[in-house]
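Please consider how helices pack against one another in this predicted model, and then how its nonpolar side chains are grouped.

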Amino acid sequence: MISTKDSFKSKICSLFSNRTIIFCIIFTITYIISAYNIYLEFLYMAVAIISFILLPIKESFNVFLYLHCFSLSNIGYSAGLTIELIAYAFILLIKYIIGVIKHKYPVYKKLIIAICLFYIFFVIISFFHKTYWRTLLYLVYLPLAYFFLAMLKDINIESAMNYFAVGVTTSVITSLLFGFLPHYNYNIFLIDGRFNAFTNHTNSLYIIALFSTTYFMYKFLAKETSILKFAFIYIFNTITILSTLSKFGFCLLILFTFIFFIIYLKQDFKKRYKQTLILILLLLILALVFHNVIFKIISRLFENNGDIINSILTGRDEIWTSYLKKCVSNPFVFLFGHGLLAEEVFVEPHGMIRASHSLYIFLLYRFGIIGIIALSYIIYLFIKPVYKTKPKFIMSLPLIWFLLESLGACTFRLTNITLGIFSVMILFIDSFKQINTNKSEEQDKQEKTD
């Protein structure tokens, strides 16, 4: 009989013999020490790229999602995640071509033609206006989404999201451990004590925490994860979101918690209303413990003479107005936009060039009405197979998060746009899994009948 001690040892050994975990650990260590010298940034980037090359698709996908919990994800400020994103897309391209030659992966000709035509047209339009070269990264997103679709059978989103949840936890805890060291160059706090962990931006931190929360809400509601695992992830992510003092993040957290309780009770009200009361009581205790932080967030909501809308927008309405004026400046621009690589707009009240702070304004400004229709057609080609599966509403929770998040943030400008791609992939993979399960159940029934 195997003792508990031997069983624990074997688990630890198997854990540290896992190549994916080893790469994640090495990446974390090299990222932490890169704070002492800017040239050491190339070290953690090298670790990431080597893992993409050496590991199979499934494992490299896990590492790729883990990386989103580290390094600044804004194109304009840091090379880290940007280079890793481009490298991963390039490596997937090579693996995809090899897979196509071996007849392992499908070729979606209609989708490839649509993406190519879309890029050619809207990159050409860019050159009639001022071009913003940092937006060249936008060229990566659609091909990356295509590779994920074509290589779907080699990707395990559930495993990847577990790595992502560990990544959020690791980023928060290690930043707290090392961020207070003397002469440490990675500042884990922004103005007014807003925590950002190793993402170097408070919005990036609450975005990844909330995305993880919505996914595990879905998994728990689908009865595919334990209550203990869900409770830990929800509480940890809630504390993380509160620590960022993000007003929009706080509002979205409350909204999704409300949606969660409604669905949870609707599934089985008689059995669950007592559990729901206990969960609400635990949340009230959590709120009491962190009442000072919650009070700070609420006070930020009322800082503009009690006008909640203006407080949440924090000047975004002025930015949106400036962009919309550019969008309707002439009929051609309104129809075709300023192009994919167009320069961002100078906002007079702010006295500087600002990002659009809304995915939808971003799309209208760069692609115009015709471009949005073209992009919608490409998205339709991507998600067309999903509608045949009739996915459950709870599968859409991460996608609903992305659509709401995109109202006040230009997620296309951030490498966090990949989280939007992942939210669609959750629909894809779990919908197909559901179909296969139903098929196997029907086959079993038929065999029994025969």
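Helix α2 (residues 19–33) and helix α8 (residues 157–178) have axes that come within 11 Å and cross at roughly 30°. α2 is therefore roughly parallel to α8, a term for angles under 35 degrees. The crossing of α2 with α8 is right-handed. In contact (heavy atoms within 4.5 Å) are Thr20, Ile21, Cys24, Thr28 and Ile32 of α2 with Tyr163, Thr170, Thr174 and Phe178 of α8. Five of the residues in the contact of α2 with α8 are nonpolar, four are polar and none is charged.

α8 also packs with α9, at an angle of about 140° and with the axes 10 Å apart. The crossing of α8 and α9 is left-handed. The α8 side of this contact includes Ile157, Glu158 and Met161, and the α9 side includes Leu205, Ile208 and Lys219. By class, the contact of α8 with α9 comprises 11 nonpolar, two polar and two charged residues.

The largest nonpolar core, a set of buried residues (under 20% relative accessible area, 1.4 Å probe) joined through side-chain atoms within 4.5 Å, has 120 residues. Helix α9 (residues 202–221) gives the most to this core, with 13 residues. Phe148, Phe382 and Phe422 have the most contacts inside the core. Among the residues that Phe148 touches, not counting those up to four places away in sequence, are Phe61, Tyr88 and Met425. A second, separate core of 11 residues includes Trp320 and Tyr365.

Residues are numbered from 1 along each chain as its sequence is written. Local features need pLDDT of at least 70, side-chain atom pairs count only at pLDDT 80 or more, totals for chains, interfaces and linings use all residues, and side-chain values use heavy atoms, leaving out hydrogens and water.

Key: Axes fitted to C-alpha atoms, helices over the stretch in contact; angles between N-to-C directions. Helix = DSSP H or I, 4+ residues; strand = E, 2+ residues; numbered from the N terminus. Parallel < 35°, antiparallel > 145°, perpendicular 65-115°, else oblique. Left-handed = near helix turned anticlockwise from the far one by under 90°. Nonpolar A, V, L, I, M, F, W, Y, C, P; charged D, E, K, R; others polar. Buried < 20%, exposed > 50% of the residue type's maximum accessible area, 1.4 Å probe, protein only.
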